[in-house]
Amino acid sequence: MSRNIPIRTYVDCKLDNRDEVFSFIADLVSEKPTDASQVIKQLEQREELGSTMIAEHVLLPHIESPYARQSEIIFIRLAEPIQNWDETTKDIQLLIVISLTENESVQLKKDIARFTRTLADEEFVQQLITMSEQDILRTVNQN
């Protein structure tokens, strides 16, 4: 994977529900604090299109937004699983957030697409749930 993709990791996050997670993500990715509500709205709209679950216990929320500060991948491992994300999604432990700015370069989009293909390996995704912050960064940069 290209090392040009900004990656952030947050472990043991004390977030209790979907609204708290979306607020946390919005605060992380928004260009300005006043943009956070727009990012939350975009995350909610994406969820309305269909589940972002990519493996048991793992969600992949993703947006392309004029309100994003930068394109990046953010790993958020929860301190305690969210038991009821929605009516059908349960026991969430890890979120892999992809945030893209509008008009992002084709190369960076290709690099992110290359990374997302590694998520097809369920064993790899399950390992991400328990890896240390440093191991996540090292592993992702090797793929």
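In the predicted model, strand β5 (residues 72-84) is joined to strand β6 by eight bridges, and the two strands run antiparallel. They form a hairpin, with five residues between β5 and β6. Within this pairing, E72 stands opposite S99 of β6.

Strand β6 also takes part in parallel pairings. With strand β3 (residues 58-59), β6 pairs in the parallel sense over two bridges; here L95 in β6 is the bridge partner of L59. The pairing of β4 with β6 is likewise parallel and extends over four bridges. Two positions illustrate the register of β4 on β6: the bridge partner of E64 is L100, and S65 stands opposite T101.

Strand β6 covers residues 90-101, and nine of its 12 residues are buried, so the strand is largely enclosed by the rest of the structure. S99, which has its place in β6, can be examined in detail. Its relative accessible area is 1%, under the 20% limit for burial, so S99 counts as buried. Apart from neighbours within four places in sequence, the contacts of S99 are V29, I63, A68, Q70, S71 and E72. E72 thus appears twice in the description of S99, as a contact and as the residue opposite it in the pairing of β5 with β6.

Strand β4 shows a two-sided arrangement. In a regular strand, side chains alternate between the two faces of the sheet. Along β4, I63 and S65 point to one face and are buried, whereas H62 and E64 point to the other face and are not buried. I63, on the buried face, is also among the contacts of S99.

The helices were examined next. Helix α2 spans residues 36-49, a total of 14 residues, and reaches 20 Å from its first C-alpha to its last, close to the 20 Å expected at 1.5 Å a residue. The buried residues in α2 are A36, V39, Q42, L43 and E47. Viewed down the axis of α2, these residues fall within an arc of 140°, so they line one face of the helix. This buried set packs against α1 (18-29) and β4 (62-65). On the other side of α2, E48 and L49 are exposed. The residue that follows α2 is G50, which has a positive phi, near 155°.

Helix α3 (residues 106-118) has 13 residues and reaches 19 Å between its first and last C-alpha, close to the 18 Å expected at 1.5 Å a residue. Buried in α3 are L108, D111, I112, F115 and T118. Seen down the axis of α3, they fall within an arc of 100° and so line one face of the helix. The cover over these residues includes the hairpin strands β5 and β6, together with α4 (122-130) and α5 (133-142). V106 and R117 are exposed, on the face of α3 turned away from its buried side.

At the level of the whole chain, five helices and six strands are present. From the N terminus on, the order of elements is β-α-α-β-β-β-β-β-α-α-α. The radius of gyration is 14 Å, close to the 15 Å that the globule rule gives for 143 residues, so the chain is as compact as a globular protein of that length. Along its principal axes, the C-alpha trace spans about 35 × 35 × 25 Å. Of the 143 residues in the chain, 45% are buried. Among contacts in the chain with a separation of 6 or more, 70% are accounted for by residues 24 or more positions apart. The accessible surface of the chain comes to about 7500 Å², and carbon and sulfur atoms contribute 45% of this area.

Conventions:
Residues numbered from 1 in each chain as written. Predicted model: local features only at pLDDT ≥ 70, side-chain atom pairs only at ≥ 80, totals over all residues. Heavy atoms only, no water. Expected span 1.5 Å × (residues − 1). Buried < 20%, exposed > 50% of the residue type's maximum accessible area, 1.4 Å probe, protein only. Arc of directions from axis to C-beta. Contact = heavy atoms within 4.5 Å. Rg over C-alpha atoms; globule rule 2.2 N^0.38 Å. Areas by Shrake-Rupley, 256 points an atom, 1.4 Å probe, with all protein chains shown as cover. Pairing = 2+ DSSP bridges.
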